[in-house]
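Colleague: Hi! Could you walk me through this model before I head back to the bench?
Modeller: Happy to. Let me put it up for both of us.

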Amino acid sequence: MTVKKYTELKRLLDQQDILKVPKEIYQYAKAQRTLFDVVCDVFNYGYILGIRAERARRKGGKA
């Protein structure tokens, strides 16, 4: 991934108010060729975390 694409990805993630993006996600993003693939994968990752948090909230646990 080029520096330009990486900074664009970082800008997109910052706009989404993602404060606790694991370091592995950034390393994964650097290894990918297209920004679209990275955005889709990050979206899916966030979606899964949201489902887990909602499930934990319903059960009375912590997310």
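Colleague: Let me start with one side chain: is tyrosine 47 buried or exposed?
Modeller: Tyrosine 47 is exposed, since its relative accessible area is 51% and the cut-off for exposed is over 50%. Keep in mind that this is a predicted model.

Colleague: Where does tyrosine 47 sit?
Modeller: Tyrosine 47 belongs to helix H3, which covers residues 35-59.

Colleague: And which residues make a nonpolar surface patch with Tyr47?
Modeller: Tyr47 shares that patch with Phe43, Ile48 and Ile51, and the patch comes to about 420 Å².

Colleague: Let me step back a bit. How many helices and strands does the chain have?
Modeller: There are three helices and zero strands, so read from the N terminus the order is simply α-α-α.

Colleague: What is the confidence like?
Modeller: The mean pLDDT of the chain is 75, with 78% of the residues at 70 or more. Helix H3 has the highest confidence, at a mean of 85, while helix H1 (residues 3-15) has the lowest, at 72. As a rule, predicted coordinates should not be read in detail where pLDDT is low.

Colleague: Good to know. What share of the chain counts as buried?
Modeller: Of the 63 residues, 16% count as buried. The accessible surface of the chain is about 5,400 Å², and carbon and sulfur atoms account for 56% of that surface.

Colleague: Which residues form the largest nonpolar core?
Modeller: The largest nonpolar core is made of six residues: Leu9, Ile25, Ala29, Leu35, Val38 and Val42. Helices H2 and H3 each supply at least two residues of this core. The biggest contribution to the core is from H3, with three residues.

Colleague: Tell me about H2, then. Which of its residues are buried?
Modeller: In helix H2 (residues 23-31), the buried residues are Ile25, Tyr26 and Ala29. They are on the same side of H2, because they cover an arc of only 100° around the axis.

Colleague: What does the face turned away from the buried side of H2 carry?
Modeller: That face of H2 carries the exposed residues Lys23, Glu24 and Ala31.

Colleague: Back to Ile25 for a second. How many residues along the chain separate aspartate 41 and isoleucine 25?
Modeller: Aspartate 41 and isoleucine 25 are 16 residues apart along the chain, and their C-alpha atoms are separated by 9.1 Å. Aspartate 41 is found in helix H3.

Colleague: Why does aspartate 41 count as partly exposed?
Modeller: Aspartate 41 has a relative accessible area of 32%, so it is partly exposed; that class lies between the cut-offs of 20% and 50%.

Colleague: New topic: how many salt bridges are there?
Modeller: The count comes to two salt bridges. In one of them, glutamate 54 meets arginine 57, with 2.5 Å from N to O. Glutamate 54 also meets arginine 58, at 3.3 Å from N to O. These bridges share partners, and they join Glu54, Arg57 and Arg58 into one network.

Colleague: Nice. How are those partners spaced in the helix?
Modeller: Arginine 57 and glutamate 54 are three residues apart in helix H3, so about one helical turn separates them. Glutamate 54 and arginine 58 are both in H3 as well, four residues apart, which is about one turn of the helix.

Colleague: And is arginine 57 buried or exposed?
Modeller: Arginine 57 counts as exposed, at 54% relative accessibility. Arginine 58 is also exposed, at 66%, while glutamate 54 is partly exposed, at 28%.

Colleague: Great, that's what I needed. Thanks!
Modeller: Any time!

Note on methods. Residues numbered from 1 in each chain as written. Predicted model: local features only at pLDDT ≥ 70, side-chain atom pairs only at ≥ 80, totals over all residues. Heavy atoms only, no water. Patch = residues over 30% accessible without salt bridge, like charges linked within 9 Å, V, L, I, M, F, W, Y side chains within 5 Å. Areas by Shrake-Rupley, 256 points an atom, 1.4 Å probe, with all protein chains shown as cover. Salt bridge = Lys/Arg side-chain N within 4 Å of Asp/Glu carboxyl O. Buried < 20%, exposed > 50% of the residue type's maximum accessible area, 1.4 Å probe, protein only. Arc of directions from axis to C-beta. pLDDT = per-residue confidence, 0-100. Core = buried A, V, L, I, M, F, W, Y, C linked by side-chain atoms within 4.5 Å.
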